[in-house]
Amino acid sequence: MRGLWITRVPAGRMPYRRAVRWERLFEDLEDQLACEWEAERAGLAEETERLRLARLPLRERLSALSSSEGDAAVSMLLPGGAAVRGTVTGVGADVVVMDAEGLSDAAIVRLEAIIGVVADPAALAASSRGADIVPDPLAGRLTFGFVLRDAARRRRGVRVLTTCGECLTGTVDRVGADHLDLALHEWGAVRRATAVTGVRLVPFVAITAVMWAAPASAQWR
């Protein structure tokens, strides 16, 4: 037929425009697969983080605060409107040990009595990652009763905060399995019969925190 030209493409070769379209198609598919993979990996990472946070106990976050740099001050909010402010120096099995500010130099806070923790937002956010230090097996055996028995042995003057907002001052005479006997006397006074105004038996569950001053020769015997 006159006027009709037929161009044959040699075998194994493809027109330039068609080859470019295929290359772009493959590039688009690769980019799409890469985006989907990144999204899936990000979703998996988020789910893993949610599961980790769901298993993170308060005790571990407080341990992270105790190991944080800068020794940022925190406030432990307690029932009855009380609060203990200072730096966390250690966390035991059921107790938080603090260097307290105010009238006392040291404090132990019963872990289950804490109703809130106020600290620098950056420190709180960092604590959600948990403690980076290796757990101390001895710290896990440090209990509220153990610390109180040490205070009783040393005849240390203490301030006892209760769940109803009381602040009792005196000396720990005896410590039972879940309670203590507190000889009541003025803060800073030596425990003598003439100074004691009474003895109070206090269950552990009624105590939020116990604080004491730095040891002085007048408080030891």
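Two strands count as paired if DSSP finds at least two bridges between them. Helices (H or I, at least four residues) and strands (E, at least two) are DSSP runs, numbered from the N terminus. This is a predicted model, where local features need pLDDT of at least 70 and side-chain atom pairs pLDDT 80 or more, while totals for chains, interfaces and linings use all residues. Residues are numbered from 1 along each chain as its sequence is written, and side-chain values use heavy atoms, without hydrogens or water.

**View 1. The whole protein has 4 helices and 10 strands.** Walk along the sequence and you get α-α-β-β-β-β-β-α-α-β-β-β-β-β. The protein has 221 residues, and 33% of them count as buried (under 20% relative accessible area; exposed is over 50%, partly exposed in between; 1.4 Å probe, protein chains only). Contacts are heavy atoms within 4.5 Å. Among those with a separation of 6 or more, 57% are between residues 24 or more positions apart.

**View 2. Strands S2 and S3 make an antiparallel hairpin.** S2 covers residues 83-91 and S3 covers residues 95-100. The two are held in register by 5 bridges, and 3 residues carry the chain from S2 to S3. To find your way around the pairing, look for valine 91, whose bridge partner in S3 is valine 96.

**View 3. Strand S4 pairs with S3 and also with S10.** S4 spans residues 106-110, and 4 bridges tie it to S3 in the antiparallel sense. Two pairs are handy landmarks here: valine 97 bridges to isoleucine 108, and methionine 98 bridges to alanine 107. Strand S10 (residues 207-212) also runs antiparallel to S4, again with 4 bridges. Isoleucine 108 turns up in this pairing too, standing opposite valine 210 in S10.

**View 4. Both faces of S4 are covered.** Ala106, Ile108 and Arg110 sit on one side, Ala107 and Val109 on the other, and all of them are buried. That makes 5 of the 5 residues of S4 buried, so the strand is largely enclosed by the rest of the structure.

**View 5. Strand S1 ends with a buried serine and a partly exposed leucine close together in sequence.** S1 runs over residues 74-77 and includes leucine 77; serine 75 lies in S1 as well. Serine 75 is buried, at a relative accessible area of 13%, whereas leucine 77 is partly exposed at 33%. Leaving aside residues up to four places away in sequence, serine 75 touches Val84, Arg85, Gly116, Val117 and Val118.

**View 6. Arginine 85 reaches glutamate 101 in a salt bridge.** A salt bridge here is a side-chain nitrogen of Lys or Arg within 4 Å of a carboxyl oxygen of Asp or Glu. In this one, the closest N and O atoms are 3.4 Å apart. The pair links distant parts of the chain, with arginine 85 in strand S2 and glutamate 101 in the loop between S3 and S4, 16 residues apart. Both ends are partly exposed: arginine 85 has a relative accessible area of 41%, and glutamate 101 has 48%.

**View 7. Aspartate 173 and arginine 191 meet in a salt bridge.** The N to O distance is 2.9 Å. Here too the pair links distant parts of the chain: aspartate 173 belongs to strand S7 (residues 167-175), and arginine 191 to the loop between strand S8 (179-184) and strand S9 (198-203), 18 residues apart. Aspartate 173 counts as buried, at 14% relative accessibility.

**View 8. Aspartate 181 pairs with arginine 174, and a salt-bridge network involves Asp150.** For aspartate 181 and arginine 174, the closest N and O atoms are 2.9 Å apart. Aspartate 181 is buried, with a relative accessible area of 12%. Elsewhere, Asp150, Arg153 and Arg154 are linked in a network of salt bridges. The structure holds 8 salt bridges.

**View 9. Arginine 155 has a positive phi.** Most residues other than glycine have a negative phi. For arginine 155, phi is near 55°. This residue sits in the loop between helix H4 (144-153) and strand S6 (157-162). Is arginine 155 buried or exposed? At 18% relative accessibility, arginine 155 counts as buried.
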